[in-house]
There are 2 protein chains.
Amino acid sequence: VQDKIKQLLTDIQSGNYKALARGITIVENEIEGYDQLLKGLPPTSSSRVVGLTGPPGAGKSTLVNALLRHWTSQNRRIAVIAVDPSSPFNYGALLGDRIRMSEFYNNENVFIRSLASRGALGGLTTKILEITDLIKAASFDYILVETVGVGQSEVEIAGLADCTVVALVPEAGDEVQTLKAGIMEIADVFVVNKADRDQAEALYRNLKTLVHEKAGGSGEILVVKTVATNDEGIPEMVRAIDGFFSTDHNVMSKKLNLLTEKSWQIIQAKKMRGLEKSRLRSEISAALSNGSFNLYTFVERFI
Amino acid sequence: VQDKIKQLLTDIQSGNYKALARGITIVENEIEGYDQLLKGLPPTSSSRVVGLTGPPGAGKSTLVNALLRHWTSQNRRIAVIAVDPSSPFNYGALLGDRIRMSEFYNNENVFIRSLASRGALGGLTTKILEITDLIKAASFDYILVETVGVGQSEVEIAGLADCTVVALVPEAGDEVQTLKAGIMEIADVFVVNKADRDQAEALYRNLKTLVHEKAGGSGEILVVKTVATNDEGIPEMVRAIDGFFSTDHNVMSKKLNLLTEKSWQIIQAKKMRGLEKSRLRSEISAALSNGSFNLYTFVERFI
């Protein structure tokens, strides 16, 4: 196994997609060699990991497509990880979106992988971290992690990218605006998509104000306008992303936070390894039949 | 401490709100007596825990207000836990929504508590479980857990209620519809709110079809229409909730799943206790300066 994994890692580093896909499967399913593969990853990578998140309807998939058109036209190599944390299924839920990306499925400079949670609460974030780290070993210029929704887990996942882009739309309504508090914390770049619509200018100005208030000592968060369906504003969006990476300050100050969150996630997942919900369930079932059940006394035996 | 906690629990059980608030603070901050308080909780409770979730803009706060009006007019006692998992702040983000609930802040039959994540990734769900269990010891007829958004963590939290109500609105658009896969798994009752709007009937019929397809052997999921701003449909919504609880089948089949998820969350939180992100951060910082850093080798020392 050891030699095979070494060879696999070499193949992944040389840009072999088949090897990369096999590596991802090993990590995803924790097949033999999984630990060795991750521990063998090189300490540095030139790939820029970009997280893209935002509420449903913000046109994230259209933005991904526009970015892919832009980057491929410049001969960039891009990996896309499309994450759907709210679906407990590994298929179907976002088929429509995924199909829209199909024009790039056969492009040799684009590698696409979809991931869903399979109902394993809490496990998805760790897997995405590990898979992203694996993909970083291959020589992509950009790794785009697209997540659906604006809940805590999406914020969590997107916030674990080197640079996080938050897409919003003018129609987003009042309640979405209130969500900005959570999103403000992770956004490095804001995109006002569907910028040809009414109220786009108002949303753009609100974001500018918000961003300015927050700036203080740290680097300014950029706000760009796009109409992804027409590729409008995409060069500006790419410039904002690249600008983020070219500012040493941003990348350096974020790196420690990122590594802290990542290691936290991984430690947590490892500590829970070996405990299965099915076993918990049957032990609870037995405990319930013995009369008075208290959850907090029950859990002691597993700690 | 031991006697004080016993007294506190007695006071909580007798319906003393001040004691309940103090108990929640003890659980929230893990103050001395925290374990004893939880382990002293009685094995059963007559409170019905109802989770309410749905996308931003579905009118969840308005639904909560309408339910409070309905229930208080019937002399029911209700506790509301308002959860904002996407906000890393403990204040502000949803102040607008919270203020709307203020007409009940002085009602002796209503107890309201807001909770936000304070940036502690993963910790919020456990705290909500513990606090809900504590509130169950007080004699409320209903405990309403309202969560904002439709990400995995909101689905997770709402899905940990005895009965989960998912609110949707006609305008929800295509992408929200794709989120239904995750939501279908946890919904016991669907509410089509703002049912006086265009397309309400179409959404209602779509949900009915979806629910019918899913039904199979298990109990039918109910779909009700409301216009919460006018209290329209609220009696029907309450009837659907009560109907869920009166069907032994539903409650019994869900109980084991619930307890399994709850114990999983609690075990995970306890296993991570004592490890602080600040410590992780400084150890990573030291390791980085020693040259080649590999995350997966680094985390070993904490497992």
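A residue is called buried when its relative accessible area is under 20%, exposed when it is over 50%, and partly exposed in between. That cut-off recurs at several stops on this tour. The model is predicted.

**Stop 1: chain A as a whole**

Select chain A and colour by secondary structure. Chain A contains 14 helices and seven strands. Of its 303 residues, 56% are buried. Now consider the contacts in chain A between residues with a separation of 6 or more: 77% of them join residues 24 or more positions apart.

**Stop 2: strand S4 of chain A**

Select residues 142-147 of chain A, which form strand S4. How many of its six residues are buried? Six of the six are, and the strand is mostly covered. In a regular strand, side chains alternate between the two faces of the sheet. Show the side chains here and look at each face in turn. Tyr142(A), Leu144(A) and Glu146(A) lie on one side, and Ile143(A), Val145(A) and Thr147(A) lie on the other. Both faces are covered, with the residues on each side all buried.

Add residues 48-53 of chain A, strand S1, to the selection. S1(A) and S4(A) run parallel and are joined by five bridges. To find one matching position, centre on Arg48(A), which stands opposite Tyr142(A) in S4(A).

**Stop 3: the second largest cavity**

Rolling a probe the size of a water molecule over the atoms shows where empty space is left. The structure holds four cavities of 30 Å³ or more. The one to visit is the second largest, with a volume of about 110 Å³. Its lining consists of 13 residues. To centre the view, select Val49(A), Leu129(A), Thr132(A), Leu160(A) and Ala161(A), the lining residues nearest the cavity centre. Two elements give two or more residues each to the lining: helix H6 (123-137) and helix H12 (248-272) of chain A. Which element gives the most? H6(A) does, with five residues. Colour the lining by class to see eight nonpolar, one polar and four charged residues.

**Stop 4: two positive phi angles in chain A**

Go to Glu30(A), in the loop between helix H2 (17-29) and helix H3 (34-39) of chain A. Glu30(A) is not a glycine, yet it has a positive phi of about 50 degrees. Its relative accessibility is 38%, so it counts as partly exposed. Keep Glu30(A) selected and add Lys127(A), Glu130(A) and Arg273(A): these four residues are linked in a network of salt bridges.

Next select Lys194(A), in the loop between strand S6 (189-192) and helix H10 (200-215) of chain A. Lys194(A) is another residue other than glycine with a positive phi, near 55 degrees. Because its relative accessibility is 22%, Lys194(A) also counts as partly exposed.

**Stop 5: a salt bridge between the chains**

Over all chains, the structure holds 28 salt bridges. Select Glu300(B) and Lys39(A), whose closest N and O atoms are 3.0 Å apart in a salt bridge. The pair crosses between chains, with Glu300(B) in the segment after helix H14 (295-298) of chain B and Lys39(A) in helix H3 of chain A. Are the two partners buried or partly exposed? Glu300(B), at 41% relative accessibility, counts as partly exposed, and so does Lys39(A), at 31%.

**Stop 6: two salt bridges within chain B**

Select Lys262(B) and Asp133(B), whose side chains form a salt bridge with an N to O distance of 3.2 Å. Lys262(B) is in helix H12 (residues 248-272) of chain B and Asp133(B) is in helix H6 (residues 123-137) of chain B, so this pair ties together parts 129 residues apart in sequence. Lys262(B) has a relative accessible area of 9% and is therefore buried. Asp133(B) is also buried, with a value of 11%.

For the last selection, take Lys225(B) and Glu201(B). Their salt bridge brings the closest N and O atoms to 2.8 Å. Lys225(B) belongs to strand S7 (residues 222-225) of chain B and Glu201(B) to helix H10 (residues 200-215) of chain B, so the parts tied together are 24 residues apart in sequence. Lys225(B) is partly exposed, with a relative accessible area of 33%. Glu201(B) is partly exposed as well, with a relative accessible area of 38%.

Technical notes. Residues numbered from 1 in each chain as written. Chains lettered and ligands numbered in written order. Predicted model: local features only at pLDDT ≥ 70, side-chain atom pairs only at ≥ 80, totals over all residues. Heavy atoms only, no water. 1 Å grid on protein atoms, 1.4 Å probe; cavity = no way out; pocket = protein on both sides within 12 Å on 5 of 7 lines; lining within 4 Å. Points joined across faces, edges and corners; volume = space filled by probe spheres on them. Helix = DSSP H or I, 4+ residues; strand = E, 2+ residues; numbered from the N terminus. Nonpolar A, V, L, I, M, F, W, Y, C, P; charged D, E, K, R; others polar. Buried < 20%, exposed > 50% of the residue type's maximum accessible area, 1.4 Å probe, protein only. Pairing = 2+ DSSP bridges. Contact = heavy atoms within 4.5 Å.
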